[in-house]
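User: Can you take me through this model? I'd like to go through it in short questions.

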2 protein chains.
Amino acid sequence: VTTSELASLVCSTNLSSIPQPAIEEAKNSLLNYMGVAIGASRHAMIDMLLDVTHEWGRNQEAQVLGRPERVDIYTASMANGMSAHIFDYDDTLLDTVLHPSAPVFPALMAYAEKHEVSGRDMLAAFVLGVEVSQRIGQVVYPSSYDKGWHMTGHVGQFGAAVSVGCLMGLSTEQMQHALGIAATQPVGLREMFGTYTKPFHPGRASANGLLAALLAQKGFTSSTQSLEALRGFLRVTSEATDFSRLTSEWGANWEIMKNSYKPFPCGIVIHPAIDAAVNLHKKGVSADNVERIEIEVNPLVLELTGKKTPRDGLEAKFSVFHCVAAGLLDGWVGLVQFEDSRVTAEDVVEMRSRVHATIDTGIAEDQVRVKAYEKCGKVHELFIEHAIGSIENPMTKEQLVQKFVGATQGILDRAHQENLIEETWNLDKAASLKNLVSICAASE
Amino acid sequence: VTTSELASLVCSTNLSSIPQPAIEEAKNSLLNYMGVAIGASRHAMIDMLLDVTHEWGRNQEAQVLGRPERVDIYTASMANGMSAHIFDYDDTLLDTVLHPSAPVFPALMAYAEKHEVSGRDMLAAFVLGVEVSQRIGQVVYPSSYDKGWHMTGHVGQFGAAVSVGCLMGLSTEQMQHALGIAATQPVGLREMFGTYTKPFHPGRASANGLLAALLAQKGFTSSTQSLEALRGFLRVTSEATDFSRLTSEWGANWEIMKNSYKPFPCGIVIHPAIDAAVNLHKKGVSADNVERIEIEVNPLVLELTGKKTPRDGLEAKFSVFHCVAAGLLDGWVGLVQFEDSRVTAEDVVEMRSRVHATIDTGIAEDQVRVKAYEKCGKVHELFIEHAIGSIENPMTKEQLVQKFVGATQGILDRAHQENLIEETWNLDKAASLKNLVSICAASE
């Protein structure tokens, strides 16, 4: 009776009982989600999706983040879920590789926007939605992932269904049906990585979860033991046999508290080096005074990202040399630093030539040692023990703001960026999402 | 390079080259599809789906079969795919248990209606769509079915994607992308059998396939080896290792030629007895003159359907006594004969009491032996060697018409039934689906 126990726990958890630290983390997740979604919102694949759905003649009750369009809540779920994952820059629950926000927030926010839900209820429902998708993820991981399922599409729809279902006030039985309708629609093969279809997964998962909740609310039926049954979700898509995590220690901790945010939009292996470069920038090391930068890195870094002279943004993601140069010059490495024009800019190319790397097996994957030699003879030495964004060194609210500003540059103007940050930090006191959402539209 | 070979075969097959016998079988499939979909179109689950989608404010470019509503092509695909499978009365490719029409026709017809495709091209695209989903089904069956996938949702989306993609004239590469977007959205756990979520599967598969084709047409990318890759569809969802059937003997035969149609909306095990009862009715055996009916059946019949006094339509599906009585009285057993009011009607109850059954291990599952004793002393003896609807004794066009009329009774009036049958038989000569579709709307 596992699905029924889980549904019962969810339905008996009052939204107002979600503790404030979890709500705060939900706000961090929200700012990060909106930043990466807005940042990618002009990608060609969003144009394609909206071209298709435009012909279906949808109404205009939910905002497409970072764009002028308003669409129906189902289409908004798909579009926003996609853009949140386009740059692989969204949040991660590291023990399952689940990106929790991209499948949950789009459906939840679209529903909350339409039904004028309070900010705090929306955030609390997010905490519950993430809790459920992550717990299901913990049961099936790593076996379903190893088999070839993309975790975020594979279990994300449960989070969308549950979070929307909570706002609807579904009964336990309806919630079981919603979980069942979600269970029958797992999305996402890892084979799709590297194509538009990868970000399609959380978009599709979000819309699938939304539809599951909407149908369940109308009385649509499904299996009431969709997770644990012999031919249910867990056994069909994974080799898992221990399902206890679905319900164990419910409410003792909230999984959202372990959420992590990627500071930089590239492989995690370069993050320590970028962290060091950003620190050097803060110390005043600049193009004018630096002569040579030496980095000692874990062997994996040069194996994966040893490209000396990247020619465009995509290649630059595989060049620790570019990342260190750009981080030092610009004080951050965001989406802008991976634009083709920045990768080939004279100052970046010049600085890149001064970066020299050696490997050291004694350096851990989240570490780096850097020496910056100034022309005057001064040497800055820096050892990053845990790069920012790692569990041991999570991003601060200030860093999340910095990431948000970088990600939304060119789409939101400065005033809108500031307003949106402010609205997010105060969302748990807002009567609705109205203000927040109105600023998410394109303003530049 | 299997996906690419398959896409290449599909794209190099000219719609006009599909031979006439396959087109004829496609018309049989179409009549059967429309009958069962129209027959179930007023079910509560279709109301629920349309209630949900109505709020999204769709336009009115495609017909919901059997109802007054017109909706966008995506919603039409979901609704019609669901209604086609609600009564488990649709067609079957017996070697994979794939119900080929329910996921393919809804997307294909909605697209064809909107884009004014000719009747013959639509039918030819159906043949190709079924070909592809069935071939993929042949590769994964029985391993994915045994694991717990519902074949019709599991592989049906490929047929929808390919058939619509053919009408669009997708390039081979676009077709690979469409197959990839379809591959990443398998639908349907067998655990859902017995709930509304079962017919949801072909509806969802149809819409998923349609979306895949629409996105691919816009330039959306996916894996180009979505079927055979290490983490692709075939290996993730089945234990299959031999993929040769995907492309072997392409064009030598068309799988649609093996399509089978269920004459009666109940478990196949009672079909021989109903067949016999219908034959007795034709011979003039009636309530007025019959005294006693003895049937000798395969043991499975009484094990599964031995209910002596069914109280409602659902129980009547498990009563060979009811089925024989109703078949003898009404000359057919369709949806009407499983309505509660017919099950409890005096003449049926009375006739049921005259039916007596014995088991005989020498009678095969598709056989029955019947003796009808008339009051005058005359005895009619009948042996059904292969029940209608079996591979050896397929339904004739006349019987398909009879099924269609029974299924659509109370939703289409007699004139509309006749027109729709006529339009179907002549569809390969029609310039568009316009006439056909206009008659599919509710007329009673």
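Analyst: What follows covers the ground rules, the chain contact and one residue.

User: Ground rules first, then.

Analyst: This is a predicted model, where local features need pLDDT of at least 70, side-chain atom pairs count only at pLDDT 80 or more, and totals for chains, interfaces and linings use all residues. Residues are numbered from 1 along each chain as its sequence is written, chains are lettered from A and ligands numbered from 1 in the order in which they are written, and side-chain values use heavy atoms, with hydrogens and water left out.

User: How many residues does each chain put into the contact?

Analyst: Chain A gives 61 residues and chain B gives 61 residues. Contact here means heavy atoms within 4.5 Å.

User: And what area do they bury?

Analyst: About 5,000 Å² between chain A and chain B, with 61% of it on carbon and sulfur atoms. Buried area is the accessible area (1.4 Å probe) that two parts lose on being put together, summed over both.

User: How many salt bridges cross the interface?

Analyst: Two, by the rule (a side-chain nitrogen of Lys or Arg within 4 Å of a carboxyl oxygen of Asp or Glu). One of the pairings is B:K114 with A:E55, whose closest N and O atoms are 2.6 Å apart.

User: Which helix of chain A gives the most to the side touching chain B?

Analyst: Helix 10 of chain A, with nine residues. Helices are DSSP runs (H or I, at least four residues), numbered from the N terminus.

User: How are the two copies related?

Analyst: A turn of 180 degrees and a shift of 0.1 Å along the axis lay chain A on chain B with an RMSD of 0.1 Å. That is the relation of a two-fold axis. The superposition is by least squares on the C-alpha atoms of residues with pLDDT of at least 70 in both copies. In chain A, the C-alpha nearest the axis belongs to A:R58, 2.5 Å away from it.

User: Why say the copies meet through the same surface?

Analyst: Because 100% of the interface residues of chain A are also interface residues in chain B.

User: Different topic: A:S29. Buried or exposed?

Analyst: A:S29 counts as buried, because its relative accessibility is 0% (buried means under 20% relative accessible area, with a 1.4 Å probe and protein chains only). A:S29 sits in helix 2 (residues 20–39) of chain A.

User: What does it touch?

Analyst: Leaving out residues up to four places away in sequence, A:S29 touches residues including A:D91, A:F105, A:I256 and A:Y261.

Definitions and conventions: Helices (H or I, at least four residues) and strands (E, at least two) are DSSP runs, numbered from the N terminus. Buried means under 20% relative accessible area, exposed over 50%, partly exposed in between (1.4 Å probe, protein chains only).
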